[in-house]
Amino acid sequence: MSLGVPAVEEFLRSRVEAGDIPGAAWAVAGASGMISEGAVGRASVRPWDTPASLETIYDLASLTKPLVTSFLYLALRNQLGLSEDDPAWRFLPEIDRMDKREITLRHLLTHTSGMPAWVPFYLKGSTVGEYLAQLRERPPESRPGTRVEYSCAGYVMLGEILHRAASVPLDRLASEVIFGPLALKNTSFNPPLSWQGRVAATEDSCEYERKLAGPAAAGYGGFREGVIRGQVHDQNAWVLGGVAGNAGLFSTARDTVAIATEYLGARAEASNGLLDETSIEQATNDCTAGLNEARSLAFRIASRGETAAGADLPVETIGHNGFTGTSVWMDTVRPRIYVLLTNRVHPRVSDTVDMLSLRRGFHAAACRI
């Protein structure tokens with residue numbers, strides 16, 4: 001059953017018909033629970049045709065960062081003896097070089113570490129240690145704490161720090177601390193085979209990564225062939241076994257809402273209280289004052305710069321986007337949660353689709369429910 005409203009469904013259906021996305025699932029929730037949810041279009045168009053539904057499981061891509069990696073840090077930092085002021089090299093000796101010694105966990109959490117946005121680590125390594133060794137040799141792109149530059153590499157580092165501090169693999173840690181307590185039945189890293197028929201397909205044959213890696217990938221034989229379905233789209237995360245701090249999480253729109261609700265704390269009746277109020281404040285308030293973007297310890301904040309929140313959501317709105325076409329944004333004042341899951345990379349990544357406009361259009365329609 002869908003709780004969808006015409007404006008949201010019509011908008012998303014129009015973008016499916018325009019060829020911008022093959023399909024989508026959405027969910028809008030408030031303080032008392034679900035307000036609207038629905039699905040349109042296809043979960044896959046090849047090699048077979050599958051309709052999208054509320055039960056479709058999407059590759060959340062970079063939503064892994066706030067919904068798992070930052071969440072685990074905030075929930076476990078006291079238990080694990082971690083602090084935002086801890087230097088990263090203390091946990092990751094592989095990166096220990098003088099130009100990395102200023103990087104702290106706060107810098108990694110807020111994307112102010114100076115680490116590169118993206119590196120094709122898989123071309124020269126297949127383990128976290130080999131990934132980190134590559135980072136050691138790269139000079140920072142800016143001095144830590146002076147500029148916000150989104151970095152997948154930084155969250156690969158964070159995921160490994162959590163793994164080492166807890167002596168538990170990141171996926172098991174997420175299951176024990178987040179998925180289990182929230183009773184999530186459709187959320188995991190590396191979806192089991194029994195879920196495959198419900199997983200939305202992503203790209204065909206890693207075409208985008210091949211282009212992005214460029215001439216450096218000549219001779220590399222590790223790119224996957226055929227339509228990717230049930231495996232993480234991100235090649236760096238896939239080579240690490242499908243589990244990394246930057247990507248790898250799969251979920252439905254409903255389960256995504258359930259995790260996001262924990263960031264609202266006492267403002268949401270459905271919250272299970274997995275995060276304390278101090279953590280919620282740090283996840284929702286500006287921790288990069290005076291810099292080019294407003295960032296918390298988990299999310300982008302709509303108060304500075306151009307964001308997917310758009311003009312229809314307040315400047316206090318926090319959120320995150322995923323490369324595969326996913327997003328979660330939260331109006332912490334109202335409060336409201338807006339989840340949009342698409343597989344816009346299926347069967348290929350288009351250079352002409354304006355996902356910023358699509359996400360803003362969704363928010364404009366959904367906030368009027």
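## The β9–β10 hairpin

In this predicted model, Gly-325 takes a positive phi near 115 degrees in the hairpin of β9 and β10, where 3 residues lie between the strands. The two strands of this hairpin, β9 (318-322) and β10 (326-331), pair in the antiparallel sense over 5 bridges, and one of the partnerships sets Ile-318 against Met-330 in β10.

Strand β9 is also joined to β8 (residues 300-301), again in an antiparallel run, by 2 bridges, with Gly-319 in β9 as the bridge partner of Arg-300. Is β9 mostly covered or mostly open, judged by how many of its residues are buried? The strand is mostly covered, since 4 of its 5 residues are buried.

## The sheet around the hairpin

These strands belong to an open sheet of 8 strands with antiparallel pairing, whose order is β3-β2-β1-β11-β10-β9-β8-β7. Its edge strands, each pairing on one side only, are β3 (50-51) and β7 (294-295).

Elsewhere in the sheet, β1 (residues 23-30) and β2 (residues 33-44) run antiparallel and are joined by 8 bridges, with Ala-25 standing opposite Ala-39 in β2. Helix α11 lies across β1, β9, β10 and β11 (336-342), and runs at about 140 degrees to β11.

## The largest pocket

The largest pocket holds about 910 Å³ of space and is lined by 35 residues, of which Ser-62, Tyr-150, Asn-321, Gly-322 and Phe-323 lie nearest its centre. Which strand gives the most to this lining? The answer is β9, which contributes 4 residues.

Alongside β9, the helices α7 (207-213) and α11 (355-366) each supply at least two residues of the pocket lining. Sorted by class, the lining of the largest pocket comprises 15 nonpolar, 9 polar and 11 charged residues.

## The enclosed cavity

Apart from the pocket, the structure holds 1 cavity of 30 Å³ or more, and the volume of the largest cavity is about 50 Å³. The residues that line the largest cavity are Ala-117, Trp-118, Val-119, Phe-121, Cys-152, Ala-153, Val-156, Asp-234, Asn-236 and Asn-246.

Helix α5 (residues 152-166) provides the largest share of this lining, with 3 residues. By class, the lining of the largest cavity has 7 nonpolar, 2 polar and 1 charged residues.

Conventions:
Residues numbered from 1 in each chain as written. Predicted model: local features only at pLDDT ≥ 70, side-chain atom pairs only at ≥ 80, totals over all residues. Heavy atoms only, no water. 1 Å grid on protein atoms, 1.4 Å probe; cavity = no way out; pocket = protein on both sides within 12 Å on 5 of 7 lines; lining within 4 Å. Points joined across faces, edges and corners; volume = space filled by probe spheres on them. Nonpolar A, V, L, I, M, F, W, Y, C, P; charged D, E, K, R; others polar. Pairing = 2+ DSSP bridges. Contact = heavy atoms within 4.5 Å. Axes fitted to C-alpha atoms, helices over the stretch in contact; angles between N-to-C directions. Buried < 20%, exposed > 50% of the residue type's maximum accessible area, 1.4 Å probe, protein only.
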